[in-house]
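Reader: I am new to reading protein models, and I would like to understand how the words used for them are justified. Could you take me through the reasoning term by term?

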Amino acid sequence: MGESRADVFDEKFGEFARWQASPWGRLRYTTAAANLTANLPTGPLEILDVGGGNGLDALELAARGHHVTIADISEQSLTEARTAAAQRGLADRVTTRRAYLDTLDQVFGRGRFDVLLCHNVIQYLPDPVGVLPTLVAPLRVSGVLSVIAPNADADPLLTAVRGLDLDGALRMLDAPTRYSVAYETTTRACYPDHVKADLAAAGFKVIAHRGIRSVCDYIVDDERKADPEFYRKLERLELALAARAPYVHTARFFHLIAERSDTGAGA
């Protein structure tokens with residue numbers, strides 16, 4: 001990822017921050033934290049958050065006693081992460097480093113971290129299989145990899161239910177790409193079964209498949225989600241559904257948590 005991609009993320013930072021503060025943005029982080037915490041080894045842990053941006057995932061983990069290093073290409077996002085960490089009294093548990101995905105092994109070395117987060121990153125990679133060995137190089141053997149991406153299997157259903165666009169929903173079945181309105185770019189469609197296969201080929205064993213926002217995005221009344229009491233009930237429901245089939249398969253995001261074996265790529 002070059003400077004042009006960093007410029008796009010910087011330009012859209014304000015919009016992204018507003019999304020994070022929205023009910024659906026808050027649900028994304030709350031559910032991800034619950035999914036991950038339930039599958040982490042005992043700590044304190046050394047965690048690398050790849051593409052961690054302004055640190056919302058990282059700060060939650062730091063508050064639980066772990067040390068988190070945020071790697072991102074956007075200096076603006078990293079500055080915001082440092083500010084937020086200081087405001088929460090977590091500056092000693094959060095480190096930031098500007099780094100590109102194809103240089104992670106050079107920047108951090110190999111086998112240094114217990115946990116590696118890769119949240120909302122792989123959809124921007126044209127060849128995730130080719131990048132995977134470098135991306136996971138800083139993760140130690142038996143370390144935990146957390147991958148979150150938009151669930152392409154949910155898109156046809158969401159397009160039909162929310163947009164009433166039946167032709168569009170049909171076209172999305174097995175389509176290889178999606179369009180990111182937020183960043184005005186084409187992204188790769190991420191199917192959880194395909195990502196599981198990629199991880200297995202790289203020497204990872206998936207230990208948990210969770211969903212994020214199993215019902216929120218299917219509720220058309222977005223204004224209702226801002227009501228505190230409705231949101232409280234929605235969050236409770238989302239947390240209850242995150243680990244349950246069949247809801248994980250149609251959730252807006254899939255969350256895969258995997259363990260690296262001693263035969264992993266680049267081990």
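Author: Let us begin with a definition: a charge sits over a ring if NZ of Lys or CZ of Arg is within 6 Å of the ring centre and within 35 degrees of the ring normal. Please keep in mind throughout that this is a predicted model.

Reader: What makes Arg-252 count as lying over the face of Phe-253?

Author: Arg-252 is placed at 5.6 Å from the ring centre of Phe-253, and the limit on distance is 6 Å. The charged end of Arg-28 is treated in the same way, since it sits over the ring of Tyr-29 at 4.2 Å from the centre.

Reader: Why is the pair of Phe-16 and Trp-19 called stacked?

Author: Two rings pair if their centres lie within 6.5 Å, and planes under 30 degrees apart count as stacked. By this rule there are 3 aromatic pairs. For Phe-16 and Trp-19 the centres are 5.7 Å apart and the planes differ by 15 degrees, so the pair is stacked. These two residues are 3 apart in helix α2 (residues 13-21), which means that about one helical turn separates them. Phe-16 has a relative accessible area of 26% and Trp-19 one of 23%; because buried means under 20% and exposed over 50%, both are partly exposed.

Reader: What makes the pair of Phe-108 and Phe-113 edge-to-face?

Author: Here the centres lie 5.8 Å apart and the planes stand at 80 degrees, and an angle over 60 counts as edge-to-face. Phe-108 and Phe-113 are both buried. An aromatic cluster, in turn, is formed by Phe-16, Trp-19 and Tyr-29.

Reader: How do you know that the buried residues of helix α7 lie on the same side?

Author: In α7, which runs over residues 128-136, the buried residues include Pro-128, Leu-132, Leu-135 and Val-136. They cover an arc of only 80 degrees around the axis, and therefore they are on the same side of the helix.

Reader: What makes strands β2 and β3 a pair?

Author: At least two bridges are needed for a pair, and β2 (residues 67-72) and β3 (residues 94-98) have 5, in the parallel sense. One of the links is that between Asp-72 and its bridge partner Arg-98 in β3. From β2 the chain passes through helix α5 (residues 75-87) to reach β3, and this β-α-β crossover is right-handed.

Reader: Why are Ser-142 and Asp-174 singled out for their phi?

Author: Most residues other than glycine have a negative phi, and most peptide bonds are trans. Ser-142, in strand β5 (residues 139-150), has a positive phi of about 70 degrees although it is not a glycine. Asp-174, in the loop between α9 (166-172) and β6 (177-180), has a positive phi of about 65 degrees and is not a glycine either. Ser-142, at 36% relative accessible area, is partly exposed, whereas Asp-174, at 69%, is exposed. As for peptide bonds, the one that joins Ala-245 and Pro-246 is cis, with omega about 5 degrees, and Pro-246 lies in the loop between α11 (228-241) and α12 (247-250).

Reader: How do you know that the protein is as compact as a globular protein of its length?

Author: The protein has 12 helices and 9 strands. Its radius of gyration is 18 Å, close to the 18 Å that the globule rule gives for 267 residues, so the protein is as compact as a globular protein of that length. The C-alpha trace spans about 50 × 40 × 40 Å along its principal axes, and 48% of the 267 residues count as buried.

Notes: Residues numbered from 1 in each chain as written. Predicted model: local features only at pLDDT ≥ 70, side-chain atom pairs only at ≥ 80, totals over all residues. Heavy atoms only, no water. Buried < 20%, exposed > 50% of the residue type's maximum accessible area, 1.4 Å probe, protein only. Helix = DSSP H or I, 4+ residues; strand = E, 2+ residues; numbered from the N terminus. Arc of directions from axis to C-beta. Phe/Tyr/Trp six-rings, centres within 6.5 Å; stacked < 30°, edge-to-face > 60°. Right-handed = clockwise from strand over helix to strand, strands pointing away. Rg over C-alpha atoms; globule rule 2.2 N^0.38 Å.
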